[in-house]
Amino acid sequence: MSLVLFLLLGCEGGDPVCREGTALHDDGHCYPPLLEFPPQIDDALDALPACEPLPVEGAPPIDIGRGCASGACANDTFAQMVTALGDDVDCVTTTFDAELVYCTWGELGIDGLFEDDDRDDEPDPGARTDRIHLFPPYTGATIDGVGIGANVACFLDSLGHPERLLLADVGGEMMVREMFYDGIGMVAQDLGADDDSGLPNGFVDHMYLYGQ
């Protein structure tokens, strides 16, 4: 059984730096403040283990506000992603649309989604990905230590509460399954990919970066 909670933040108005309902953080991006949740949600979040930030090393840090990871960004062309990530990439047609291809850098844990209007299993020239998808074994992190393998509390501590939250009942315990940060263009999921359980276990294993 799953429980979906929708929290709508005001998006109209705002000042020259941040939109109304968000505040400027140390990383230069605007994030929503912590919100009050119903008791059932509060109980689930209060029970979360404390954040254990990931180390920030190696590739350029994840920039959630810009939708970038390891030098690749949302709205990049396929050529730009190859320049950033290398040419060890596989492109396959999606199962839901014959004119879209996933291009995956599997050893890095990154993929992009591109238009393929001529259905030749390759991105069309100039086609751009609308998001960057991170998954295991991706090892990068934000400057706050948020990334694949970070626990849910790290996302809440760094980014505040999401506008929308999806919980799942796992053995009678409410676990965070998806966090939708609409204002900053990011979705984080805990799908149990790291232990092949298919159930949330407290650690984020998928991130979709759309940028602001």
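Mentor: Before we start, one term: a contact means heavy atoms within 4.5 Å. Keep in mind that what you're looking at is a predicted model.

Trainee: Okay! Which residues does Met-186 touch, leaving out those up to four places away in sequence?

Mentor: Quite a list. Met-186 touches Ile-64, Phe-155, Leu-159, Met-179, Phe-180, Tyr-181, Met-207, Tyr-208 and Leu-209.

Trainee: And what is the bigger setting for Met-186?

Mentor: Here's the general idea: in soluble globular proteins, nonpolar side chains tend to be buried together. In this structure, the largest nonpolar core has 39 residues, and Met-186 is among those with the most contacts inside it, along with Leu-134, Phe-155, Met-179, Met-207 and Leu-209. Helix α3, residues 152-159, gives this core its largest share, five residues.

Trainee: How much of the protein is buried?

Mentor: Of its 212 residues, 47% are buried. As for the outside, the protein exposes about 10,700 Å², and carbon and sulfur atoms supply 52% of that.

Trainee: What about helices and strands: how many of each are there?

Mentor: Three helices and 13 strands. If you look at contacts with a separation of 6 or more, 53% of them come from residues 24 or more positions apart.

Trainee: Next, disulfides. What is one, and how many does the structure hold?

Mentor: A disulfide is a covalent bond between the sulfur atoms of two cysteines. The structure holds three. Let's begin with Cys-51 and Cys-154, whose sulfur atoms sit 2.1 Å apart. That pair links distant parts of the chain, 103 residues apart: Cys-51 is in the loop between α1 and β4, while Cys-154 is in helix α3.

Trainee: Are Cys-51 and Cys-154 buried or exposed?

Mentor: Check the relative accessible area: buried means under 20%, and exposed means over 50%. Cys-51 has 22%, so Cys-51 counts as partly exposed. Cys-154 has 1%, so Cys-154 is buried.

Trainee: Why is this disulfide called right-handed?

Mentor: Look at the torsion about the S-S bond of Cys-51 and Cys-154: because it is about 95°, the disulfide is right-handed.

Trainee: Which other cysteines pair up?

Mentor: Cys-68 is joined to Cys-73, with 1.9 Å from S to S. The torsion there is about 105°, so that disulfide is right-handed. Both Cys-68 and Cys-73 are buried. Then Cys-91 is joined to Cys-103, S to S 2.1 Å. This pair links distant parts of the chain, twelve residues apart, with Cys-91 in strand β6 and Cys-103 in strand β7. The link of Cys-91 and Cys-103 is right-handed, with 110° about the S-S bond, and both cysteines are buried.

Methods:
Residues are numbered from 1 along each chain as its sequence is written. This is a predicted model: local features need pLDDT of at least 70, side-chain atom pairs count only at pLDDT 80 or more; totals for chains, interfaces and linings use all residues. Side-chain values use heavy atoms; hydrogens and water are left out. A nonpolar core is a set of buried Ala, Val, Leu, Ile, Met, Phe, Trp, Tyr and Cys residues joined through side-chain atoms within 4.5 Å. Buried means under 20% relative accessible area, exposed over 50%, partly exposed in between (1.4 Å probe, protein chains only). Helices (H or I, at least four residues) and strands (E, at least two) are DSSP runs, numbered from the N terminus. Accessible areas come from the Shrake-Rupley method with a 1.4 Å probe; for residues, only the protein chains shown count as cover. A disulfide is a pair of cysteine sulfur atoms within 2.5 Å.
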